[in-house]
Every structure is written in structure tokens, then in C-alpha cells.
Amino acid sequence: MDRRDFLRNAFAASGALLVPASYSAEAHADEVSEALGRITKARADLKTLVGPFEQERTIGLLATAVKSAGEMTLVRPDRLRWELLPPDAVTYWVGPEGFSFATPRGAASVGKAAAGRFGAVLGDLLIFMGGDLEKLRARYDLSIPSKKDGITLRAVPRAEDVKKHVKRLEMRLGIELWTISEVTIEEQTGDQSVIRFGKLKRDVAVDPAKMTPPKS
């Protein structure tokens, strides 16, 4: 290496050291904003999203995995139906009215505060999968860990009501950016649920009665 190459490399290194920390933060924010903008555009005309999923819940303490299958029905802007097939045989509804569920033994409607450890995150999950993602920025630190074959969006809770239960949410979107490939929920306890979706159909007709929980 001659003297000129040495000086060029030295100046390049010193220049990197002089880049303010805020620059990388701004670049990160710009990347997130750009990704959210693309997802929002892809979802703009989306009315419904319906399809099968397989859910695997790993219980950290016992090092065991519990698998189940079901169907998701999302009606934008604010209704989600989550049906687990037998042997689980339970259906959940999330909507403006709150949280409801039904089993072969009966049904119940409860407020978010009474919905257990995920009460605080139910509405956020609905937004995560089909709503206005900008609404999550006040409650989560968002990042884009991957753009391979679509976009992977990671959300780390900032809001205390979520943080005490959930360590991170992560969603992998397909190339079209309106379809969902996978959602991961990692809990503070070490338990983790990974939901893998089959082929999701958009804008199919959904009977309003399907999105209305039975009376308890």
C-alpha cells in the first residue's frame, strides 16, 4: 500500500467515525417508514382476508410443542375471527365491542382487560395483520429484519401493558405485501407461538353473521 492509499483509507475510516449516531437512527426510521408505506399501499383496497393456518406453540418451561390448525377471517378495518379446529374446537372474535370466544360448551364475551395475558395485544394483532401500521409506532419499536421474498416486520413493545407479557411480535409478508406468510409471538415467559398461513384469499364475501359472536 502506498502513502496515497494509506491516506485515503485513513480519511475514509475517520469519516465513518464522525458520522453522528442520529444518522443511523434516521436511516432506520426512513427504512421503517418506507416499508410501512409500501404495506399500506398494498393493503389500501383490501376488504377481507381468509385462509387456513397452522399454529405451533412452544412452551419454554416444558420444552414441548402444541400444534393446532384453523382458519383466520379478517374483515377490515376492525374485525377478526380466529377459529381453531378440533380437537381444540374454539373460536375467538376480536372487534370494536371487545373480545369473545366460543367452545362446544358455550360462549362468553369479555373486555380486553379480562381477556388474559393477551388482552392488551389483541387489537394490536388485528392492526398488525390488516390495519394501519402507523398506529403501532407509539406502542412498539418497529424494525425490518429482512426484505427477502417480501418484508419481515418486527415489533418490540414499548407500552407497559404489552411489554409485561410480550417480548416481540414478528410478521412475514409475501411479495404482494398484503398476504401474510407467518406471525410469531414471543412471550416474556419464554413461550412462543408461530403461526404459518396457507394460501390466503383476499376480498372474498364474508357473511356478517360469521363475524358476530354468539350470545353468551
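## A walk through the model, starting at Met129

Let us begin with Met129, which touches Arg43, Met72, Leu74, Leu80, Trp82, Met171, Ile180, Val183 and Phe197, leaving out residues up to four places away in sequence; contact here means heavy atoms within 4.5 Å. Before going further, note that this is a predicted model, in which local features need pLDDT of at least 70 and side-chain atom pairs count only at pLDDT 80 or more, while totals for chains, interfaces and linings use all residues. Residues are numbered from 1 along each chain as its sequence is written, and side-chain values use heavy atoms, with hydrogens and water left out.

Met129 also belongs to the largest nonpolar core, which has 45 residues. A nonpolar core is a set of buried Ala, Val, Leu, Ile, Met, Phe, Trp, Tyr and Cys residues joined through side-chain atoms within 4.5 Å. Buried means under 20% relative accessible area, exposed means over 50%, and partly exposed lies in between, with a 1.4 Å probe and protein chains only. The members that touch the most other members are Met72, Trp82, Met129, Leu169, Ile180 and Phe197. Helix 3 gives this core its largest share, 6 residues. In soluble globular proteins, nonpolar side chains tend to be buried together.

Stepping back to the whole chain, there are 4 helices and 12 strands. These are DSSP runs numbered from the N terminus, with helices being H or I of at least four residues and strands being E of at least two. Of the 216 residues in the chain, 39% are buried. Among contacts between residues at least 6 apart in sequence, 46% join residues at least 24 apart.

Helix 3 comes up again at the second largest pocket, which holds about 200 Å³ of space. Of the 13 lining residues, Pro77, Asp78, Gly123, Leu126 and Ile127 are the closest to the centre of this pocket. Two elements, strand 4 (90-95) and helix 3 (122-130), give two or more residues to the lining, and helix 3 gives the most, with 3 residues. On a 1 Å grid over the protein atoms alone, a pocket is an open set of points where a 1.4 Å probe fits, with protein on both sides within 12 Å along at least five of seven lines, and lining residues have an atom within 4 Å of a point. Grid points are joined across faces, edges and corners, and the volume is the space filled by probe spheres set on the points. By class, the lining has 5 nonpolar, 3 polar and 5 charged residues; Ala, Val, Leu, Ile, Met, Phe, Trp, Tyr, Cys and Pro count as nonpolar, Asp, Glu, Lys and Arg as charged, and the others, Gly among them, as polar.

Pro77, one of those pocket residues, is worth a pause. Pro77 sits in the loop between strand 2 (64-75) and strand 3 (79-84), and the peptide bond leading from Arg76 to Pro77 is cis, with omega near 15°. Pro77 counts as exposed because its relative accessible area is 60%. The C-alpha atom of Pro77 is 9.3 Å from that of Leu46, 31 residues away along the chain. Another cis peptide bond runs from Pro86 to Pro87, with omega near 10°, and Pro87 lies in the loop between strand 3 and strand 4.

Now look at two polar or charged side chains in strands. Thr48, in strand 1 (residues 48-59), has a relative accessibility of 8% and so counts as buried. A polar atom of the Thr48 side chain lies 2.8 Å from the backbone oxygen of Val204. Leaving out residues up to four places away in sequence, Thr48 touches Leu74, Val75, Lys201, Arg202, Asp203, Val204 and Val206. Glu170, in strand 9 (residues 166-173), is likewise buried, because its relative accessibility is 15%. Its side chain makes a polar contact with that of Arg168 at 3.0 Å; a polar contact is a pair of N or O atoms within 3.5 Å, where within protein one must be able to donate a hydrogen and the other to accept it, and residues adjacent in sequence count only if both atoms are side-chain atoms. Beyond four places in sequence, Glu170 is in contact with residues including Phe128, Pro145 and Thr152.

Finally, check the backbone at Asp149 and Asp203. Asp149, in the loop between strand 7 (140-146) and strand 8 (151-157), has a positive phi near 55° and is exposed at 55% relative accessible area. Asp203, in the segment after strand 12 (201-202), has a positive phi of about 60° and is partly exposed at 36%.
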